[in-house]
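Here is a quick tour for anyone opening this structure for the first time. Have a look around, then read on.

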Amino acid sequence: MTLTAQDRARRIKIILFDVDGVLTDGTIWLVPAPSRTSSSTETQSRLAGHDGQVGFGVHSATMMEAKGYSAHDGTAISLARLGGMKCGVITKRISETVATRARDLKLEFVYMGQAFKMQAVREIMEKEGVTLDEIAFVGDDVIDLPVMRECGFAVAVANARVQVKAEAHYVTASAGGYGAARDAVEFILEAKGTLQKVIDEYIDERNPISPSMDIGRGLV
C-alpha cells in the first residue's frame with residue numbers, strides 16, 4: 001500500500017532537523033570572537049576532535065561562527081511539543097550558536113559533529129523506543145539523504161537541492177531559515193488533526209504553560 005504524506009505525518013512522534021539551510025538560510029558568518037571563552041568548553045572540545053577536517057566548524061581562538069534563526073521556527077518547536085512530539089537537531093557543524101539555540105528551545109536531542117546522521121538517529125531510536133516510521137527529518141542537502149531515505153516522513157525545504165526534493169515526501173513552501181521548520185511542524189499537526197487545538201492552547205492566556213516545557217514567548 002502506498003502511503004500519502006499525510007499518512008506518514010500522522011505517525012510522527014519525533015521531528016529532527018538539520019541546521020544549516022533548514023533552521024537557517026545556510027549562511028555562515030565568521031566574526032571576531034569577543035574573548036577566548038566565547039565558546040563553551042564542551043563546544044571547543046568537540047571542535048578539537050575534528051581539528052583539520054573540513055566542514056565541522058571553526059576551531060579558532062579569535063573567530064566565532066554566527067547564524068540567524070527564524071522566530072517562526074522557534075514557535076514551531078513550542079507547537080510540536082504541545083502536540084506531544086519531541087524535537088531535535090542533527091548537524092555536521094559544531095557551533096556554540098547551535099548549542100545556544102538548542103538550549104533556548106530546550107530541544108530534546110542535540111547532535112553536532114555528525115557526518116553520518118543515521119548514527120544519531122539509531123541512538124535516538126534506542127533511547128526513545130521509537131521506530132523509523134515515527135521519526136520525521138527535515139533536510140536540504142545530500143548529507144541528509146541517508147536519513148531521509150530511512151525515516152517515516154522525509155521533508156525537504158523549499159530551497160533544498162534538487163536531489164533532496166526528489167526523495168522527500170513533502171516539500172515546504174518556505175525556504176530554510178524563513179519558516180521551513182514551521183511548515184513541517186504545521187503539516188504534521190494538520191495531518192494529526194490537532195493543529196488548531198494546539199494553536200488555541202498556545203495563545204490561551206488562561207491556560208498556564210508549564211515552565212518545564214519552556215515554551216515561553218521569550219524563547220521563540
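## Starting at Arg93

Let's begin with Arg93, which is buried, with a relative accessible area of 15%. Keep in mind that this is a predicted model.

What does Arg93 form a salt bridge with? The partner is Glu65, and the closest N and O atoms of the pair are 2.5 Å apart. Arg93 sits in the loop between strand S4 (86-90) and helix H4 (96-105), while Glu65 belongs to strand S3 (residues 63-66), so this pair ties together parts that are 28 residues apart in sequence.

## Glu65 and its network

Glu65 is buried too, with a relative accessible area of 7%. Glu65 also forms a salt bridge with Lys67, and here the closest N and O atoms are 2.5 Å apart. Lys67 is buried as well, its relative accessible area being 11%.

Now for another pair, Arg81 and Glu108, whose side chains meet in a salt bridge at 3.2 Å, N to O. Arg81 lies in helix H3, and Glu108 in the loop between H4 and strand S5 (109-111), so the two tie together parts that are 27 residues apart in sequence. Is each of them buried or exposed? Arg81 counts as buried, at 11% relative accessibility, whereas Glu108 is partly exposed, with a relative accessible area of 32%. Back with the earlier group, salt bridges that share partners join Glu65, Lys67 and Arg93, along with Asp20, into one network. The whole structure holds 14 salt bridges.

## One side of helix H9

Next up is helix H9, which covers residues 195-203. Which of its residues are buried? Leu195, Val198 and Tyr202 are. Around the helix axis they cover an arc of only 70°, which puts them on the same side of H9.

What do these buried residues pack against? They pack against two other helices: H3 (71-82) and H8 (180-192). Helix H3 has come up before, as the home of Arg81.

## Two cysteines and no disulfides

How many disulfides does the structure hold? Zero. As a reminder, a disulfide is a covalent bond between the sulfur atoms of two cysteines.

Two cysteines are still worth finding in the model. Cys87 is buried, with a relative accessible area of 1%. Cys151 is buried too, with a value of 4%.

## Out at Ala166

For a contrast, turn to Ala166, found in helix H7 (residues 162-166). Is Ala166 buried or exposed? Its relative accessible area is 65%, over the 50% cut-off, so Ala166 counts as exposed. Ala156 is ten residues away along the chain, and the C-alpha atoms of Ala156 and Ala166 are separated by 8.8 Å.

## The whole chain

Stepping back, the secondary structure of the protein chain comes to nine helices and eight strands. The chain has 220 residues, of which 46% count as buried.

How much of the contact picture comes from residues far along the chain from each other? Among contacts with a separation of 6 or more, 63% are between residues 24 or more positions apart. As for the outside, the protein chain exposes about 10700 Å², and carbon and sulfur atoms supply 52% of that area.

Terms used:
Residues numbered from 1 in each chain as written. Predicted model: local features only at pLDDT ≥ 70, side-chain atom pairs only at ≥ 80, totals over all residues. Heavy atoms only, no water. Disulfide = S-S within 2.5 Å. Buried < 20%, exposed > 50% of the residue type's maximum accessible area, 1.4 Å probe, protein only. Helix = DSSP H or I, 4+ residues; strand = E, 2+ residues; numbered from the N terminus. Arc of directions from axis to C-beta. Contact = heavy atoms within 4.5 Å. Salt bridge = Lys/Arg side-chain N within 4 Å of Asp/Glu carboxyl O. Areas by Shrake-Rupley, 256 points an atom, 1.4 Å probe, with all protein chains shown as cover.
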